[in-house]
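Biologist: I should like a close look at one part of this structure, set in the context of what surrounds it. Please treat the matter as a single connected account.

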Amino acid sequence: PYCRYENAGSGTTYAIIGDSHAHTAYPAIASYLRTKEINTLLLALSGDVPFAGSEKQYKDRETNSRNNSITGTLIDFVATDRNISKVFIVSRGRCYLTGQDNAFQEKINEDYVIPSDVFRQSLQETVKILAESGKQVYIVSENPEIPVYLGGYLPRPFRKTSEMPSVSKQETLRLQAEYLEILNSIDEATIINTLAAFCPKDECLMFSEDGQLLYADDDHLSGAGSAFQVERLLKPYLDE
């Protein structure tokens, strides 16, 4: 569903795979890599992780069949394309372990849930396939989630705004504990922890220094958030 290509006229391509979080990370990465004369490829699934074997756990058989076909094609293409030298895996990984559409709500969507052992094994298998094909593999951890839609807190004429909510780094670490433990157990991949950029102190950031929203909703990055992530977090890995 998410297939985009920024052609910088280069023989080198960096690929971004994942779900809708990969889609929101793509624009700023592609823009930055163009300045380095490197192509950027996005291949991602909406609401799913393209990990080898993970889709087999979904309850909807039609979804399983579709995602299995897409995932196999995606991984095979990225692994065998000789121009692709780096692969960045970007996803809302934690929600697939818990089924929570929002980290701060009790509501569970069981169709999302992938057992933690399957999540670990399928992510490791995906990394192994890519690494053995000669790719450098990076896993970008899930960014902090926000308990509300931030757009409603922007001041507008003739409208009162509520007090801005906050998200602590400690609470984010608690929510992501199992997920981060899995990421840190994966071999043959470099883990890029987003909390280093988005939670530099005790409170996680919601706005850039010039006052732009970093989020488009409660979990997806905005255009400004995508640019912030490149500038504050990803540049060293894009420059290598």
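Which residue in E3 does Ile 16 stand opposite? Please begin there, and then describe the strand, the sheet and the helix that accompany this position.

Modeller: The residue opposite Ile 16 is Leu 42, in strand E3. The model is a predicted one, and every statement below should be read accordingly.

Ile 16 belongs to strand E2, which spans residues 13-18. E2 is joined to E3 by 6 bridges, and the two strands run parallel. The side chains of E2 divide between two directions: Thr 13, Ala 15 and Ile 17 point one way, whereas Tyr 14, Ile 16 and Gly 18 point the other way. Neither set reaches an exposed environment, for the residues on both sides are buried. With 6 of its 6 residues buried, E2 is therefore largely enclosed by the rest of the structure.

The wider setting is an open sheet of 6 strands with mixed pairing, in the order E1-E3-E2-E4-E5-E6. E2 thus stands between E3 and E4 in that order. The edges are formed by strand E1 (2-6) and strand E6 (190-192), each of which pairs on one side only. From one strand to the next, the twist averages 20 degrees.

E3, residues 39-44, also pairs with E1, and here 5 bridges join two antiparallel strands. Within this pairing, Glu 6 has Thr 40 of E3 as its bridge partner. E3 therefore shows both arrangements, since it runs parallel to E2 and antiparallel to E1, consistent with a sheet of mixed pairing. On the edge strand E1 (2-6), Cys 3 is exposed, at a relative accessible area of 59%.

Helix H1 occupies residues 20-35. At its N-terminal end, Asp 19 acts as a cap, with a side-chain oxygen 2.9 Å from the backbone nitrogen of His 21. The buried residues of H1 include Ser 20, His 21, Ala 22, Thr 24, Ala 25 and Tyr 26, and also Ala 28, Ile 29, Ala 30, Tyr 32 and Leu 33. An α-helix has 3.6 residues a turn, so residues three or four places apart point the same way. The elements that cover the buried residues of H1 include strands E1, E2, E3 and E4 (84-90), together with helix H8 (223-239). H1 is thus covered in part by the strand with which this account began.

H1 is not straight: it bends by about 40 degrees at Tyr 26, and a proline, Pro 27, follows within four residues.

Thr 24, which lies in H1, illustrates how the helix meets a distant part of the chain. Its relative accessible area is 17%, so Thr 24 falls below the 20% limit and counts as buried. Leaving aside residues up to four places away in sequence, Thr 24 touches His 220, Leu 221 and Ser 226. Another approach of this kind involves Gly 223 and Ala 28: they are 195 residues apart along the chain, yet their C-alpha atoms are separated by 7.4 Å. Gly 223 lies in helix H8 and, at 57% relative accessibility, counts as exposed. Ala 28, by contrast, is one of the buried residues of H1.

Just after H1, the backbone takes a notable conformation at Glu 37. Most residues other than glycine have a negative phi. Glu 37, however, has a positive phi of about 60 degrees although it is not a glycine. Glu 37 is found in the loop between H1 and E3, and it is exposed, with a relative accessible area of 58%. A comparable case is Glu 188, also not a glycine, with a positive phi of about 65 degrees. Glu 188 is found in the loop between helix H6 (177-184) and E6, and it is partly exposed at 48% relative accessible area.

Beyond this region, Cys 199 and Cys 204 form a disulfide, with their sulfur atoms 2.1 Å apart. The torsion about the S-S bond is about 95 degrees, so this disulfide is right-handed. Both of these cysteines are buried, and the count for the model comes to 1 disulfide. Cys 95 is likewise buried, with a relative accessible area of 1%.

To return to the starting point, Ile 16 faces Leu 42 across the pairing of E2 with E3, in a strand largely enclosed by the rest of the structure.

Terms used. Residues are numbered from 1 along each chain as its sequence is written. This is a predicted model: local features need pLDDT of at least 70, side-chain atom pairs count only at pLDDT 80 or more; totals for chains, interfaces and linings use all residues. Side-chain values use heavy atoms; hydrogens and water are left out. Two strands pair if DSSP finds at least two bridges between them. Axes are lines fitted to C-alpha atoms, for helices over the stretch in contact, and angles run from 0 to 180 degrees between N-to-C directions. Buried means under 20% relative accessible area, exposed over 50%, partly exposed in between (1.4 Å probe, protein chains only). Contact means heavy atoms within 4.5 Å. The bend at a residue is the angle between axes fitted to the seven residues ending there and the seven starting there. A polar contact is a pair of N or O atoms within 3.5 Å; within protein, one must be able to donate a hydrogen and the other to accept it, and residues adjacent in sequence count only if both atoms are side-chain atoms. A disulfide is a pair of cysteine sulfur atoms within 2.5 Å.
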